[in-house]
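Student: Please take a close look at a single part of the structure below. Then set that part in its surroundings.

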Amino acid sequence: MPLFILYLLGINAVAWAVMGWDKRKARQRKRRFRERTLWILALLGGSIGIQLAMMSFHHKTRHITFKLGVPFLLAVQGVILILLFQFEV
């Protein structure tokens with residue numbers, strides 16, 4: 001389980017950083033990350049990082065798919081984690 005926790009910390013840090021980098025590129029009008037890449041990071045467990053980046057960088061907050069989809073995905077992943085920890089103990 002400690003490796004899993006380290007994985008979650010890492011993927012969320014990467015997701016947060018990628019969102020910040022994407023916001024910076026958006027301001028500079030440079031080539032950006034695909035939204036698909038951001039969703040893949042969220043699906044791989046980085047939904048907390050994506051959500052925190054949306055709040056801290058005010059990035060993708062006008063996109064309804066992100067505004068509603070990321071919190072929904074976060075809730076689903078939270079339920080999965082709770083179920084995993086219940087069976088682990």
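Tutor: Glu35 is partly exposed, at a relative accessible area of 31% (buried means under 20%, exposed over 50%, partly exposed in between; 1.4 Å probe, protein chains only). The model is predicted, so local features need pLDDT of at least 70 and side-chain atom pairs count only at pLDDT 80 or more, while totals for chains, interfaces and linings use all residues. Residues are numbered from 1 along each chain as its sequence is written, and side-chain values use heavy atoms, with hydrogens and water left out.

Glu35 forms a salt bridge with Lys60, their closest N and O atoms being 3.2 Å apart (a salt bridge is a side-chain nitrogen of Lys or Arg within 4 Å of a carboxyl oxygen of Asp or Glu). Glu35 sits in helix H2 and Lys60 in the loop between H2 and H3, so the pair ties together parts 25 residues apart in sequence. Helices (H or I, at least four residues) and strands (E, at least two) are DSSP runs, numbered from the N terminus. Unlike Glu35, which is partly exposed, Lys60 is buried, with a relative accessible area of 8%.

Both partners of this salt bridge also touch Phe66, whose other contacts include Leu38, Trp39, Met54 and Pro71, leaving aside residues up to four places away in sequence (contact means heavy atoms within 4.5 Å).

Phe66 leads on to the interior. Together with Met19, Leu38, Leu41, Ile50, Met54 and Val70, Phe66 is among the residues with the most contacts inside the largest nonpolar core, which has 14 residues. Such a core is a set of buried Ala, Val, Leu, Ile, Met, Phe, Trp, Tyr and Cys residues joined through side-chain atoms within 4.5 Å. At least two of its residues come from each of H1 (2-27), H2 (35-57) and H3 (64-88), and H2 gives the most, 6 residues.

Ser47 is another residue of H2. It counts as buried, at 1% relative accessibility. Its contacts, again without residues up to four places away in sequence, are Asn12, Ala42, Val70, Leu73, Leu74 and Gln77; one of these, Val70, also belongs to the nonpolar core.

The whole structure holds 2 salt bridges. Besides Glu35 and Lys60, the side chains of Asp22 and Arg32 meet in one, at 3.1 Å from N to O. Asp22 is in helix H1 and Arg32 in the loop between H1 and H2, 10 residues apart. Here the acidic partner Asp22 is buried, at 0% relative accessibility, whereas Arg32 is partly exposed, at 36%.

As for the overall frame, the protein has 3 helices and 0 strands. Buried residues make up 30% of its 89 residues. Among contacts with a separation of 6 or more, 68% join residues 24 or more positions apart. The C-alpha atoms fill a box of roughly 50 × 25 × 20 Å along the principal axes.

On the outside, the protein exposes about 6500 Å², with carbon and sulfur atoms supplying 69% of it (Shrake-Rupley method, 1.4 Å probe; for residues, only the protein chains shown count as cover). Met1, Leu3, Ile5, Leu6, Leu9 and Phe85 form a nonpolar surface patch with about 610 Å² of accessible area together. H1 supplies the largest share of this patch, 4 residues, while Met1 is found in the segment before H1.

Key: Patches are made of residues with over 30% relative accessible area and no salt bridge: like charges are joined within 9 Å, nonpolar side chains (Val, Leu, Ile, Met, Phe, Trp, Tyr) within 5 Å.
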